[in-house]
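Student: I'd like to practise reading a fold feature by feature. Could you walk me through one, giving the general idea and then the case at hand?

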Amino acid sequence: MPMGFEEPVILLAEDSEDDVFIFRRAFAEAGYQTALQVVRHGEEAIAYLKGEGKYSNRAEYPLPSLFLLDLKMPRKNGFDVLEWIRGEPSLRGILVVVLTTSERVEDINRAYKLGANSFLTKPINFSEFRDMLNSLHTYWTTFNRSPSSERPREKDGNGNGSQHHANGAA
C-alpha cells in the first residue's frame, strides 16, 4: 500500500446470506484488510450512504470508496439505488460496481446508463469468485485511486521549490 493512502472501505449491498458469506471468505482468504460493510437491501444502502439512523456515526460507518451493488434486492432494487447515488452530488465520486447474476444486455446497458463504473456477473464457482474479487480489489482500490490534488512545486534556479504568484513575485 503506497504511503499516504488508507485502506479503502468497501460497501456491499447484498441480500443473499450465502453470497455475503462467500464475499467475506474470499476477502479473508486473499488476506485483505479492507473494511467490508454490508447492507441487505436498497433502503438500507441509501440510509448507509446518507448517514442516517444507525449509520450516522461516520467513524464506524465511513463512506465507501467502492460500492459493490447487487441489482436484485428488496425494498429498492440496485437500479433505484444507483440512480439515487448518481443524483447526489456529494456521492458522485463513489465507484459503483454492479455485481449480479444477471447477464441480460438490457440490465448491463441500464446500469451503465445510470452511472455504474463496471458491471460484473457473479461466478458460481468459489475459486472463480475469489479470483474475480481479487482482480476487482486490485483494480479499483490500487490502480484507480484519485490523483493527488496538491500541485507539484516548481524548482527555481537553485533547485528549491517555489510557488509563483499571479503578480510574478516569488
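Student: Let's start with helix α2: how many of its nine residues are buried?

Tutor: Keep in mind that this is a predicted model. Here's the general idea for helices: an α-helix has 3.6 residues a turn, so residues three or four places apart point the same way. Now the case here: in α2, residues 42-50, seven of the nine residues are buried, so the helix is largely enclosed by the rest of the structure. The buried ones are Gly42, Glu44, Ala45, Ile46, Ala47, Tyr48 and Leu49.

Student: Which elements do the buried residues of α2 pack against?

Tutor: Three strands and a helix: β1 (9-13), β2 (35-39) and β3 (66-69), plus α3 (78-86). Just after α2 comes glycine 51, with a positive phi of about 75°.

Student: Glutamate 44 is found in helix α2. Is it buried or exposed?

Tutor: Glutamate 44 has a relative accessible area of 15%, and the cut-off for buried is under 20%, so this residue counts as buried. Leaving out residues up to four places away in sequence, glutamate 44 touches Val39, Lys54 and Tyr55.

Student: Next, the nonpolar core. Which residues have the most contacts inside the largest one?

Tutor: That core has 28 residues, and those with the most contacts inside it are Tyr48, Leu49, Phe67, Leu69, Val81, Leu82 and Ile85. At least two residues of this core come from each of β1, α2, β3, α3 and β4 (95-100). Apart from it lies another core, of 19 residues, including Leu12, Leu66, Leu99 and Leu136.

Student: Tyrosine 48 caught my eye. What does it touch?

Tutor: Not counting residues up to four places away in sequence, tyrosine 48 touches Val9, Leu11, Gln37, Val39, Tyr55, Arg58, Tyr61, Pro62 and Pro64. Its relative accessibility is 1%, so tyrosine 48 counts as buried.

Student: Some of those neighbours are aromatic. How should I read the rings?

Tutor: A pair of aromatic rings is described by the distance of the centres and the angle of the planes. In this model the count comes to four aromatic pairs. One of them joins tyrosine 48 and tyrosine 55: the centres are 5.1 Å apart with 55° between the planes, which makes the pair tilted. Tyrosine 55 is buried too, with a relative accessible area of 5%.

Student: And what kind of pair do tyrosine 48 and tyrosine 61 form?

Tutor: An edge-to-face one, at 5.9 Å centre to centre and 85° between the planes. This pair links distant parts of the chain, 13 residues apart: tyrosine 48 sits in helix α2, and tyrosine 61 in the loop between α2 and β3. At 15% relative accessibility, tyrosine 61 counts as buried. Put together, Tyr48, Tyr55 and Tyr61 form one aromatic cluster.

Student: Now the sheet. What is the order of its strands?

Tutor: Strands of a sheet pair through backbone hydrogen bonds, either parallel or antiparallel. Here you've got an open sheet of five strands in the order β2-β1-β3-β4-β5, with parallel pairing. At the edges are β2 and β5 (118-121), each pairing on one side only. From one strand to the next, the twist averages 20°.

Student: Which bridges could I pick out by residue?

Tutor: Try β1 and β3, which run parallel and are joined by four bridges; the bridge partner of alanine 13 in β3 is leucine 69. Then look at β4 and β5, which also pair in the parallel sense over four bridges. There, threonine 100 has threonine 121 in β5 as its bridge partner.

Student: Where do the helices lie relative to the sheet?

Tutor: Helix α1 (residues 17-30) lies across β1, β2, β3 and β4, and runs at about 180° to β2. Helix α3 packs on the sheet, touching β3 and β4, and its direction makes about 155° with that of β3. As for helix α4 (residues 105-113), it makes a right-handed β-α-β unit with β4 and β5.

Student: One last spot: what does leucine 71 touch?

Tutor: Leucine 71 lies in the loop between β3 and α3, and is buried at a relative accessible area of 4%. Beyond residues up to four places away in sequence, leucine 71 touches Asn77, Gly78, Phe79, Val98, Leu99, Thr100, Asp107 and Phe119. Leucine 71 is also 8.2 Å from serine 102, C-alpha to C-alpha, with their positions 31 residues apart in sequence.

Key
Residues are numbered from 1 along each chain as its sequence is written. This is a predicted model: local features need pLDDT of at least 70, side-chain atom pairs count only at pLDDT 80 or more; totals for chains, interfaces and linings use all residues. Side-chain values use heavy atoms; hydrogens and water are left out. Buried means under 20% relative accessible area, exposed over 50%, partly exposed in between (1.4 Å probe, protein chains only). Contact means heavy atoms within 4.5 Å. A nonpolar core is a set of buried Ala, Val, Leu, Ile, Met, Phe, Trp, Tyr and Cys residues joined through side-chain atoms within 4.5 Å. Two strands pair if DSSP finds at least two bridges between them. Axes are lines fitted to C-alpha atoms, for helices over the stretch in contact, and angles run from 0 to 180 degrees between N-to-C directions. A crossover is right-handed if, with the strands pointing away from the viewer, the path from the first strand over the helix to the second runs clockwise. Rings of Phe, Tyr and Trp (its six-membered ring) pair if their centres lie within 6.5 Å; planes under 30 degrees apart count as stacked, over 60 as edge-to-face and the rest as tilted.
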